[in-house]
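Thank you all for coming; I would like to take a few minutes to go through some side-chain contacts and backbone angles. Please have a look at the sequence and the structure first, and then I will begin.

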Amino acid sequence: MNLNNLKTTVPAKLYKRGLDYFEQDFIEQLTEDAPNRWHALVMGTRDYEVSVNLTKDGTIVGSYCTCPFESDSLCKHEVAVCLAICEYKKENSSSAVDVQARLKTLKKVELLEILEELVEKQPTVQLYLAEKFANPNGMDEEKARRLIQKSAYRASRSGFIEWDRTDQALEGVWGVLEYLDGLNSQHDAERIIRLSLIIVKECTEMLQIADDSSGGISSAIYESLDKISEALAKWPEDLDEATVDDMLVLLYPHILFALEQDVTDAASHLVEAVLQWNERGGFTEKFYNFIAFILSHSRYKYVEWLDRPFRTADVVRCHENAFTYYEGMPVEMVYDQDALLAVSENAGDLILTAEFTKYQAARGFKIYLCRKSDPESKGKIEQVVKFVKYNFSKNRVFDQLDSWNEASLAWLKRTGNHKVHHNIKKRPSEVHALEKQHLRKVSTTYLFENTLTSSITRKIHKDNVIRYLQNRYSVPSGTYQEGSANKAYLQLGEDQTFLIRLKPTGPVLAKHELSAEKGLVISDPLHRAKSESKRSLLIHQLADAFSNQEDIQWFIKALTEKYPRHLIDQLKVIQKAIRDHPNSAGSALKEVRKLQLISGNDFRDIAYSLDLQVQQPPAPEIQLNQKYMALKAPERSSDTYLKVLSGGRMR
């Protein structure tokens with residue numbers, strides 16, 4: 001479809017309505033946000049936001065409108081904006097001009113007039129100049145954050161950044177990266193790291209509200225991580241302890257943030273980068289990464305270290321190692337707040353991560369999660385953490401992980417579990433010899449390993465993608481539903497493919513090749529076919545809602561034949577009726593087939609009626625008075641009534 005053939009490619013009725021909107025000047029704020037990327041507001045029942053992406057020859061490669069119209073064609077608002085673009089191009093078309101040469105010939109007053117007009121019509125220019133004038137000496141963290149957030153805010157529509165507006169959202173990011181390119185990696189290393197961390201954090205948050213199908217936001221994150229690695233690698237040779245401590249304080253919150261968001265592998269990148277300092281000043285022995293266990297009665301401790309951030313699978317493996325070390329498993333485990341174990345504790349209802357839920361169910365121990373900032377409930381484990389940090393790891397030089405863990409266990413044997421504990425006044429190792437008799441015996445780890453790999457779940461994000469192994473894989477457009485669980489189930493195949501389902505045994509929603517690279521968006525073009533994918537998704541969801549597959553397949557087929565243009569609307573009516581009347585949906589389906597009522601509205605009405613019948617109390621049984629049961633009413637012949645009607649007297 002091209003701007004020049006709208007009249008022949010758009011349905012006549014829609015073109016006429018769009019032309020009416022254009023002729024009545026309903027289009028406001030028509031701007032070209034980027035080359036061939038247009039945005040405008042169209043007045044109607046309310047103001048609708050319209051975006052149109054074009055090629056150089058005027059071919060429409062993408063369009064978006066906030067109106068509820070759904071079709072393969074442009075809506076009337078998009079048609080109106082396209083006509084406005086045509087008019088704008090005609091009015092402003094001219095032969096090629098050497099802009100720089102012309103600018104050099106203009107006077108100062110003329111240049112100022114052009115600049116004022118440019119600032120008024122192009123918000124990007126105004127944003128750039130405002131930030132430049134606010135800090136003419138360079139860029140600090142606050143300025144970088146403000147620049148990124150402003151461009152992201154301008155690109156968002158109703159709190160979300162569509163795929164065709166990510167370039168506009170990243171304008172602030174590109175500005176910061178361009179500034180970083182002009183810095184010296186050796187002399188300005190700390191500034192490069194600080195500003196790059198701002199980009200990583202802001203872009204990670206941006207991914208939560210953006211459709212990054214183009215991969216631009218992910219690319220900005222990984223480019224910034226590369227700059228951090230380069231700056232650390234070229235750091236000046238004269239490292240001192242204060243500099244190292246300051247850098248740890250700077251990096252550690254960003255590593256935790258990346259782990260909590262679980263969107264990219266930024267945490268692994270940052271840890272790997274700082275570990276490169278091991279050969280240049282003893283950085284890594286300051287980088288603590290361990291998990292600690294303690295038995296409440298005996299105070300018998302177990303510690304295990306990692307040279308990278310822990311994952312849930314690592315935590316589970318450490319549990320198994322701890323149970324082996326203790327020669328048994330306790331009935332209840334008490335945990336400090338940790339994002340690897342628990343998602344949230346909503347008013348006392350503990351919600352665990354999917355992997356740890358499977359492990360806890362397999363082992364059968366009870367869980368108690370300490371409340372935040374509650375020293376009474378987690379004081380024991382906090383004392384262990386301090387004890388390990390300041391009595392084992394402090395002033396020790398890290399060489400290899402295996403030897404470090406061996407040294408840690410040896411220290412526990414001769415010191416951590418051997419010396420008399422200051423509270424119980426006994427040796428933990430001696431008390432443990434009696435305590436372990438009361439621990440539950442632990443079976444083989446075979447069950448735990450199989451439980452972890454049996455099922456993989458991922459969240460479906462607002463831009464209709466799931467994230468797996470640092471990549472993003474598409475699902476059909478419309479899969480994400482506001483207010484729903486939005487959970488997908490992944491099944492890995494032996495041929496480097498995996499299947500995505502909405503239920504563990506439900507129909508396949510999407511199939512993808514597993515990518516070995518990182519930071520990519522793997523998208524199936526069919527998933528972006530708006531009307532067809534939404535229709536298919538609704539059909540899948542309705543089929544899953546009924547146990548009687550024969551009846552629902554008949555109903556869907558009949559609706560498709562009767563309402564080919566309005567099938568999605570019919571399916572939505574049925575879907576809402578199922579949500580409102582779940583107990584009557586199956587019976588309503590049988591009734592519509594029995595009565596041959598091929599309509600979503602009829603299905604809804606029958607489900608509603610059946611629900612009312614179930615909710616209404618049964619009619620009370622009428623009790624007859626037994627006293628008059630033997631009496632009978634007198635019977636008269638029809639002649640008697642005829643005489644009365646004819647005026648005769650009864651004798």
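Let me start with Arg 154, which is partly exposed, its relative accessible area being 21%. Please keep in mind throughout that this is a predicted model. The side chain of Arg 154 forms a salt bridge with that of Glu 171, at 4.0 Å from N to O. Because Arg 154 belongs to helix 7 (residues 141-155) whereas Glu 171 belongs to helix 9 (residues 171-181), this pair ties together parts that are 17 residues apart in sequence.

A second pair, Lys 201 and Glu 205, brings its side chains together in a salt bridge with an N to O distance of 3.1 Å. Here both partners sit in helix 10 (residues 189-207), and because they are four residues apart, about one helical turn separates them. As for accessibility, Lys 201 counts as partly exposed at 26%, and Glu 205 is likewise partly exposed, with a relative accessible area of 33%.

The third pair I would like to show you is Arg 593 with Asp 551, whose side chains meet in a salt bridge at 2.6 Å, N to O. Arg 593 lies in helix 23 (residues 585-595) and Asp 551 in helix 21 (residues 549-562), so that the salt bridge ties together parts that are 42 residues apart in sequence. Arg 593 is partly exposed, at 26% relative accessibility, whereas Asp 551, with a relative accessible area of 10%, is buried. There is also a network, in which salt bridges that share partners join Glu 141, Glu 190 and Arg 194.

How many salt bridges does a search of the whole structure find? The search finds 17, and the three pairs just described are among them.

Let me turn, finally, to the backbone. Most residues other than glycine have a negative phi, and against that background I would point out two residues. Asp 25, in the loop between helix 2 (12-23) and strand 1 (27-34), has a positive phi, near 60 degrees. Arg 299, which is not a glycine either, has a positive phi of about 65 degrees, and its place is in the loop between strand 5 (290-294) and strand 6 (301-305).

Which of these two is buried, and which is exposed? Asp 25 is exposed, with a relative accessible area of 60%, whereas Arg 299, at 13%, is buried.

Definitions and conventions: Residues are numbered from 1 along each chain as its sequence is written. This is a predicted model: local features need pLDDT of at least 70, side-chain atom pairs count only at pLDDT 80 or more; totals for chains, interfaces and linings use all residues. Side-chain values use heavy atoms; hydrogens and water are left out. Helices (H or I, at least four residues) and strands (E, at least two) are DSSP runs, numbered from the N terminus. Buried means under 20% relative accessible area, exposed over 50%, partly exposed in between (1.4 Å probe, protein chains only).
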